[in-house]
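Hi everyone, thanks for coming along. I'd like to walk you through one structure today, going from domains to single residues. Let me put it up on the screen.

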Amino acid sequence: MSLLTRIICCGLFAAVLSVAQAEGLTIEITKGSQTAVPIAIVPFGQQGSIGNVKLSDVISSDLGGSGFFKALAEDDMLTKPSEPEKVNFRDWQALGQDYVVIGQVLGNGGSFNIQFHLFNVHNGQLLMGYKLTVGGNELRRAAHHISDLIYEKLTGRKGAFNTRIAYVTSAARGNGRQYMLQVADADGYNPRTIAESPEPIMAPAWSPDGSKIAYVSFHTKRSEIFVQTLATGQRQSVSSYPGINGAPAFSPDGSRLAITLSKDGSPDVYVLNLANRSLTRLTSGLSIDTEPTWSPDGSTIVFTSDQGGKPQLYAIPSSGGRATRLTFQGDYNARGRFSADGRSLAMVNGNGGRYRIAVMDMASRTVNVLSEGNLDESPSFAPNGSMILFAANKGGRSVLSVVSTDGAMQQKLDFQSGGVREPAWAP
Amino acid sequence: MKFKKAYLVLAMTAVLATGCSSTDEQDESLTEGQGTDASTSGYSDGSMSGSQFGSGNGYNSGAGYGSGSGANLGPEFSDPNNPLSKQVIYFELDSSQVKQEYVPIVAAHAQYLASHPNQHVILSGHADERGSSEYNIALGEQRAKSVERMMRSQGVSGSQLEVVSYGEEKPAVSGSGESAWSMNRRVEVGYQ
């Protein structure tokens, strides 16, 4: 596969910083940050067999993909120490690095002992030394965990590398299509199929504890909302009213789902109590009201409505009440999603026929457009709020894309076969 | 050209359902993933306790589109000069209003249905790929409901009509651009 793929983006600074591949998946950083901090992740020393996972590559790809760091290519390293006393800080200073990470992996018959050290290159200070033991096929996860530790140490913010995403793939099969709901690591590796059907699957939404996913399935040729427990695969139908059963969103306490139903006429937002299945209707009228999402404190539901003519975002108390309009910029604002701290609201912003991902600062109500596509949709925040995952269109095929919330960095996760849509980042 | 296939499929689907009993034979082909808890690591902070999914636990694949059910429709449905041969209504961007040129087509189907009260149709609404997918589900439903209202006003019984919206999930023509989008903003009249 083309390690040479180069995508030039209209940003100030553009280059493919890394391309990783697994199961037909490529990750391309299509826009990098100019202010990224240089860091060198030296290949870890190895004893025993550790299979085909190269920790330094995974960590470099994680940190480089965050937009905060620029990882040094292995080919440019003058030395590759794996023990603290072998690190010559002048070498790394000469290469313009700010930080260097070294480590070792010891394969231990089914498990691995990993240790690593993080140094400040300029003063030689040891910032972090860490040992961990992981099981047989958990090396990638261990690498993501190390990335999280380094990221948090150097940025002061929690990392989101050791997290998962859900998304829906669709590909031609026979005379029809096959839709698959999958869960994968945040970098797209280790995809597992949660549900599949020849009819559409839509709108995966995570429960706040990450143990369940709600989604819409059309496998009966009607829409129906399911809640599926990931550990057991057990699935429950929670809504199959006539008309639309759509857009599920878990309440922050996990006890309720905000959903869209059209059983009473036009699409309206309802709150479904999962314990007793009672419904509370939040919106009414002839307009389209859909795509509910909860504020993290549970007090407010933001939804898309065309009550003003064009789709815009509105907020309504989750216990019911009067809706107030939130968005005024652009002729189309839809599918809001809050960051975990509730300070930002991501949305699809349509303007002059271009649909891009924008973020509203809830305090100032200012809106920033972050993505650069024409058909971007389904934004979803990383749990640490640093990135937004969304669906983009590349040459007529849908791919997943990630943009940093400051817009400085963008990368694509491209599954080679078929389209990938409706991503949702796990909490 | 894919939409032509859809017609054929619809027509084929059509052949049986007239005599079909009212027990819904649902297509139970959604497959559940089943998982095991893979938290076997010695990870000190417990963050490794994930779940692994995989082994598909199968529902039997039932009949899909075009696999045998359908209505026994007369030759007028395949006569290109007869409006009944047209079973797709197209819409303008972000609109659910039936355009003037499609009014006679809807009327022809309504007339047929009114005189064949045992005949059922599914009106499936669709949208183009632009914008958000759940909003497009709503838009697709409004389109299908526009057609439904028009048919009801012309004497078709509500029990003959079922509305479903697929939004942007089932494009008739793949690809981007107005030529594809205009074919995808549609309501398909599917005889059962």
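**Where the two domains meet**

Let's begin with one pair of side chains: A:R140 and A:D187 form a salt bridge, and their closest N and O atoms are 2.7 Å apart. Please keep in mind that this is a predicted model, so every value I quote is computed from predicted coordinates.

Now let me zoom out from that pair. The domain assignment splits chain A into domain 1, residues 34-155, and domain 2, residues 164-425. How many salt bridges are counted between domain 1 of chain A and domain 2 of chain A? The count is 1. As for polar contacts across the interface of domain 1 of chain A and domain 2 of chain A, the rule finds 2 residue pairs, with both residues at pLDDT 80 or more.

Which elements give two or more residues to the side of domain 1 of chain A that touches domain 2 of chain A? They are α1 (55-65) and α3 (139-155) of chain A. The largest share of that side comes from α3(A), with 4 residues. Sorted by class, the side of domain 1 of chain A that touches domain 2 of chain A has 3 charged, 4 polar and 1 nonpolar residues.

Next, the extent of this interface. On the domain 1 side of chain A, 8 residues are in contact with 11 residues of domain 2 of chain A. The C-alpha centres of domain 1 of chain A and domain 2 of chain A lie 35 Å apart. About 690 Å² is buried between domain 1 of chain A and domain 2 of chain A, and carbon and sulfur atoms give 46% of that area. Which three residues supply more than any other three of the area that domain 1 of chain A buries against domain 2 of chain A? They are A:G65, A:R140 and A:R141, which together supply 55%. So A:R140, our opening residue, turns up in that trio as well as in the salt bridge with A:D187.

**Over to chain B**

Chain B has 6 strands and 4 helices. Along the sequence, the pattern of chain B reads α-β-β-β-α-β-α-β-α-β. Chain B has 192 residues, and 49% of them count as buried. If you take the contacts in chain B with a separation of 6 or more, 74% are between residues 24 or more positions apart.

One residue of chain B that I'd like to single out is B:K145, which lies in helix α3 (residues 133-153) of chain B. What does the side chain of B:K145 reach at 2.7 Å? It is the backbone oxygen of A:G265. Leaving aside residues up to four places away in sequence, B:K145 touches A:S262, A:G265 and B:V163.

**Salt bridges elsewhere**

Over all chains, the structure holds 23 salt bridges. I've picked out a few, starting with A:K80 and A:E74, whose side chains meet at 3.1 Å, N to O. A:K80 counts as partly exposed at 44% relative accessibility, and A:E74 is also partly exposed, with a relative accessible area of 26%.

In chain B, the side chains of B:E92 and B:K99 meet in a salt bridge at 2.9 Å, N to O. Here B:E92 counts as partly exposed at 41% relative accessibility, and B:K99 counts as partly exposed at 23%.

Buried or exposed: how about A:D185 and A:R192? Both A:D185 and A:R192 are buried. These two form a salt bridge as well, with the closest N and O atoms 3.9 Å apart. Given that the cut-off for a salt bridge is 4 Å, you may want to keep that number in mind. There is also a network of salt bridges that links A:K263, A:D264, A:D268 and A:R281.

**Two backbone angles**

Last, a pair of residues for anyone who likes torsions. A:A203 is not a glycine, yet has a positive phi of about 55°. A:A203 is found in strand β12 (residues 201-206) of chain A and is buried, with a relative accessible area of 10%.

A:E422 is not a glycine either, and has a positive phi of about 55°. A:E422 is found in strand β32 (residues 419-425) of chain A. Is A:E422 buried or exposed? A:E422 is buried, with a relative accessible area of 4%.

Thanks for listening!

Methods
Residues numbered from 1 in each chain as written. Chains lettered and ligands numbered in written order. Predicted model: local features only at pLDDT ≥ 70, side-chain atom pairs only at ≥ 80, totals over all residues. Heavy atoms only, no water. Domains from an automatic or database assignment. Contact = heavy atoms within 4.5 Å. Buried area = accessible area lost by both parts, 1.4 Å probe. Polar contact = N/O pair within 3.5 Å; in protein donor to acceptor, adjacent residues only side chain to side chain. Nonpolar A, V, L, I, M, F, W, Y, C, P; charged D, E, K, R; others polar. Buried < 20%, exposed > 50% of the residue type's maximum accessible area, 1.4 Å probe, protein only.
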